[in-house]
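The exercises below ask for a patient reading of the structure shown here, and each task is followed by a solution that goes step by step.

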Amino acid sequence: MQSVAVNTSFVTRTAGTAKTGVRAVSLPARRSPVAAFAVRARRAAIGRTSLKCNAAVAAAADPEPPSVDMSSVALSGLEGQALKINSWPTKSEVLNSIPPECFKRDTAKSLMYAAISTALTLGCGALAYFTIPMTMAYWPAWLAYGFVNGTIATGCWVVAHECGHMAFSDNKFIQDAVGYVLHSLLLVPYFSWQRSHAVHHAKTNHLTEGETHVPKVKGENGTSSQKRKEIMGAPLYGVLRLITHLGFGWPAYLLAGVTGGPVRGKTNHFLPFMGDQGKHKLFPGQWEGKVYASDVGIVAAVGGLVYWASVCGASQVALLYGLPYIGVNLWLVLYTWLQHTDVDIPHYDTDEWNFIKGALNTVDRPYGPLLNFLHHGIGSTHVAHHVNSAIPHYHAWKATEAIKKAFPEHYLYDPTPIVPAMWRVATKCIAVQKNGDRYTFAQ
């Protein structure tokens, strides 16, 4: 083979091994054009083979998700949109789409909204006290009052909910003081709920580790519910579900963890030692003490109600406070239920779930200008709320528009009016079954 001799002072090409006065290095000589072309062709072929191998490895590592059988799924106003999504943005990509100003908290503005909701609630109560006689003949008026003022007082609940998410103020003392007082007056254990609700956000639509409105599974814990529906018929069963969910769902959740994550067992928001005490303990570490601190607020509120009843009579407390209290519970359960449940909203097991899937499988709904004013838009900006719960409600509208614009295929808005949507969920969302890489409600 020809060689090229190289040293620091000259280069000599010879037919044998090159020698220099300093050192000798053997290098390949220049190839003929034909040989060079052959080498380049061989390298290109090797490169193409390598790319094909890499593609095959990537496909094996990240296979195409199994397709969802749409024939077994009923459709909501979303028309199956959530089930057609197979690729997802990252959490940081979604957060980066939201304008930075949406994350800024304004204490004065937050206090203003808290004052508005509180004043409206107290004003409605005073109006009823002075205008509706407390006699059986006026029971329809009192029922109407309970629903109306319960609807208004839900605004107070939403403000306290915002405190629990640390979206109210940069001043932690003001934030927790407002949240603690408002929630305690509504018999909500502030810190206990703050923790369980944070878990709900962290594990939204997770089939086993979610928190609140976790669906039952067909053939497992959902069998009895499906049989009841078959025996009773869909209309009667739907009415029963609405009564149990909206009337008793909230206290059942607080006291026994009903509809909470199966991995946590029967939890209790007043007794932190209830439920799973291992990996999935609902109130670990310092949260145990915070549960008891929440209990103090509840005991104080109940004590105030007892004193009020002893002075003015139990009937006055039941009418002015008890009926709106039931109305508040109705609304907060309905919001959580409808924002995460529908016939074509999927849930995921541990292998398939991630945070952004849960957040973007949240649904915004048309609650209308009045309810959005009273409830600070919680039901119509819920997707943004789940993407980042520290966004104050008065910035959530702008954040919602940004998410909708950046991720139109992922943003879910169901235009179905609330009452038909509620009936559909109550009658058709009974138990889920495996469908492709996710779980959908069996029909």
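**Exercise 1.** Find which helix gives the most to the lining of the largest cavity, and describe the space that is lined.

*Solution.* In this predicted model, helix H4 gives the most to the lining of the largest cavity, with three residues. The next step is to list the elements that give two or more residues to this lining, and they are H4, H13 and helix H14 (393-406). The cavity has a volume of about 110 Å³, and it is lined by 16 residues, of which Glu162, Ile378, His385, Ile391 and His393 lie nearest its centre. Sorted by class, the lining has seven nonpolar, eight polar and one charged residues.

**Exercise 2.** State how many cavities of 30 Å³ or more the structure holds, and then describe the second largest cavity by its volume and its lining.

*Solution.* There are three cavities of 30 Å³ or more in the structure. The second largest of them encloses about 80 Å³ of space, and among the residues that line this cavity are His200, His206, His213, His340 and His347, together with Lys203 and Glu211. When the lining of the second largest cavity is divided by class, one residue is nonpolar, nine are polar and two are charged.

**Exercise 3.** Describe the largest pocket, starting from its volume and ending with the classes of its lining residues.

*Solution.* The space in the largest pocket comes to about 880 Å³. This pocket is lined by 44 residues, and those closest to its centre are His213, Val214, His245, Val258 and Thr259. Helices H4 (139-164), H6 (190-202), H7 (223-232), H8 (234-256), H10 (314-340) and H13 (382-387) are the elements that give two or more residues to the lining. The largest share, ten residues, comes from H8. By class, the lining of the largest pocket holds 21 nonpolar, 20 polar and three charged residues. His213 and Val214 also appear in the lining of the second largest cavity.

**Exercise 4.** Work through the second largest pocket in the same order, from its volume to the classes of its lining.

*Solution.* The volume of the second largest pocket is about 550 Å³. Its lining is made of 22 residues, with Thr121, Leu122, Leu185, Leu320 and Tyr321 the closest to its centre. Two or more residues each come from helix H3 (107-131), H4, helix H5 (172-185), helix H9 (287-312) and H10. The largest share of this lining, six residues, is given by H3. The classes here are 17 nonpolar, five polar and no charged residues.

**Exercise 5.** Trace how strand S4 is joined to S3 and to S5, and find what stands opposite Val432 in S5.

*Solution.* Strand S4 (residues 431-435) pairs in the parallel sense with strand S3 (residues 216-217) over two bridges, and in this pairing Val217 has Val432 as its bridge partner. S4 is also joined by four bridges to strand S5 (residues 438-441), and these two strands run antiparallel. On that side, Phe441 stands opposite Val432. The hairpin of S4 and S5 has two residues between the strands, and Gly436 takes a positive phi near 70° there.

**Exercise 6.** Place these parts within the whole chain, counting its helices and strands and giving its share of buried residues.

*Solution.* The protein chain has 15 helices and five strands. Of its 443 residues, 48% are buried, where buried means under 20% relative accessible area. The accessible surface is about 21600 Å², and 66% of this surface belongs to carbon and sulfur atoms.

How values were computed: Residues are numbered from 1 along each chain as its sequence is written. This is a predicted model: local features need pLDDT of at least 70, side-chain atom pairs count only at pLDDT 80 or more; totals for chains, interfaces and linings use all residues. Side-chain values use heavy atoms; hydrogens and water are left out. On a 1 Å grid over the protein atoms alone, a cavity is a set of points where a 1.4 Å probe fits but cannot get out, and a pocket is an open set with protein on both sides within 12 Å along at least five of seven lines; lining residues have an atom within 4 Å of a point. Grid points are joined across faces, edges and corners, and a volume is the space filled by probe spheres set on the points. Ala, Val, Leu, Ile, Met, Phe, Trp, Tyr, Cys and Pro count as nonpolar, Asp, Glu, Lys and Arg as charged, and the others, Gly among them, as polar. Buried means under 20% relative accessible area, exposed over 50%, partly exposed in between (1.4 Å probe, protein chains only). Accessible areas come from the Shrake-Rupley method with a 1.4 Å probe; for residues, only the protein chains shown count as cover. Two strands pair if DSSP finds at least two bridges between them.
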